[in-house]
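These are my notebook entries on a structure that I looked up one topic at a time. I begin with a term and then turn to the entries themselves.

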Amino acid sequence: MEPILRLFPEHGFHPGVFHFPIALFIFGALLDVIGRIKKNELTQKAAGWNLLAGALMTLVTVPSGFVIFFKTGYSWEGTVLTHAILAGFATVLMLFTAMWKVKKQPKSIAFLILLVISTIAVGATGHYGGQLIYGM
């Protein structure tokens with residue numbers, strides 16, 4: 001594994017690839033709420049594509065987190081473990097939410113609840129990731 005890890009910088013490109021999916025997903029959630037309030041179908045569709053783009057980008061973000069994990073010698077405990085578990089949970093929720101939105105354009109309260117839970121999971125993952133960097 002060591003020869004592969006040498007191909008990556010210390011940060012494993014993680015800082016460069018995780019802000020973008022977070023922003024896309026949260027912006028997609030905001031567009032969904034705006035589209036619901038204004039009853040605007042185009043805004044609703046844009047919400048779905050933003051949610052999907054953000055969710056798909058996590059498929060690059062998560063592996064970059066593993067690069068950091070192995071390069072820095074972290075262990076599976078404390079904040080690292082919490083961040084990793086939340087990242088996996090948020091990724092699954094994001095992918096499920098985005099696919100549901102793009103395929104069905106759901107109007108149900110169940111979808112809205114899932115969207116809120118997904119967005120909170122994304123925020124919590126980011127919070128614990130920030131604690132790893134800034135130690136707050």
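**Entry 1: a term, and Q105**

I noted first that a residue counts as buried when its relative accessible area is under 20%, and as exposed when that area is over 50%. I also noted that the model is predicted.

I then looked up Q105, which sits in the loop between α4 and α5. Is Q105 buried or exposed? Its relative accessibility is 16%, so Q105 counts as buried. Setting aside neighbours within four places in sequence, I found Q105 in contact with E41, Q44, K45 and W100.

**Entry 2: confidence**

I checked how far the model can be trusted. The chain has a mean pLDDT of 88, and 88% of its residues reach 70 or more. Where is confidence lowest in the chain? I found the lowest value in helix α1, residues 2–5, with a mean of 67, while α4 has the highest, at 95. I kept in mind that predicted coordinates should not be read in detail where pLDDT is low.

**Entry 3: salt bridges**

I recalled that side chains of opposite charge can pair when their charged atoms come close. How many salt bridges are there? I recorded three salt bridges.

I took D32 and R36 first: their side chains meet in a salt bridge, at 2.7 Å from N to O. Both residues lie in helix α2, four residues apart, which is about one turn of the helix. D32 has a relative accessible area of 0%, so I entered D32 as buried.

D32 also meets K101 in a salt bridge, at 2.6 Å from N to O. D32 belongs to helix α2 and K101 to helix α4, so this pair ties together parts that are 69 residues apart in sequence. I noted that D32 and K101 are both buried. D32, R36 and K101 are thus entered as linked in a network of salt bridges.

The remaining entry under this heading is E41 with K107, whose closest N and O atoms are 3.6 Å apart. E41 lies in helix α3 and K107 in the loop between α4 and α5, so the pair ties together parts that are 66 residues apart in sequence. I recorded E41 as partly exposed, with a relative accessible area of 41%, and K107 as exposed, at 52%. E41 had already appeared in my notes as a contact of Q105.

**Entry 4: the nonpolar core**

In soluble globular proteins, nonpolar side chains tend to be buried together. I therefore looked up the largest nonpolar core, which has 14 residues. Those with the most contacts inside this core are F25, L51, M94, A98, L115 and V122. Helices α2 (14–38), α3, α4 and α5 (109–134) each supply at least two of its residues. Which helix gives the largest share of this core? I found that α5 does, with five residues.

I followed L51 further. Neighbours within four places in sequence aside, L51 is in contact with L24, F25, G28, A29, A98, K101, F111 and L115.

**Entry 5: a nonpolar patch on the surface**

I ended at the surface, where V62, F66, F70, W76, L81 and I85 form a nonpolar patch. Together these residues have about 540 Å² of accessible area. Helices α3 (41–72) and α4 (78–104) each supply at least two residues of the patch, and α3 gives the most, with three. From the patch I looked up F70, which is found in helix α3. F70 has a relative accessible area of 42%, so I entered F70 as partly exposed.

Conventions
Residues are numbered from 1 along each chain as its sequence is written. This is a predicted model: local features need pLDDT of at least 70, side-chain atom pairs count only at pLDDT 80 or more; totals for chains, interfaces and linings use all residues. Side-chain values use heavy atoms; hydrogens and water are left out. Patches are made of residues with over 30% relative accessible area and no salt bridge: like charges are joined within 9 Å, nonpolar side chains (Val, Leu, Ile, Met, Phe, Trp, Tyr) within 5 Å. Accessible areas come from the Shrake-Rupley method with a 1.4 Å probe; for residues, only the protein chains shown count as cover. A salt bridge is a side-chain nitrogen of Lys or Arg within 4 Å of a carboxyl oxygen of Asp or Glu. Buried means under 20% relative accessible area, exposed over 50%, partly exposed in between (1.4 Å probe, protein chains only). A nonpolar core is a set of buried Ala, Val, Leu, Ile, Met, Phe, Trp, Tyr and Cys residues joined through side-chain atoms within 4.5 Å. Contact means heavy atoms within 4.5 Å. pLDDT is the predictor's confidence in each residue, from 0 to 100.
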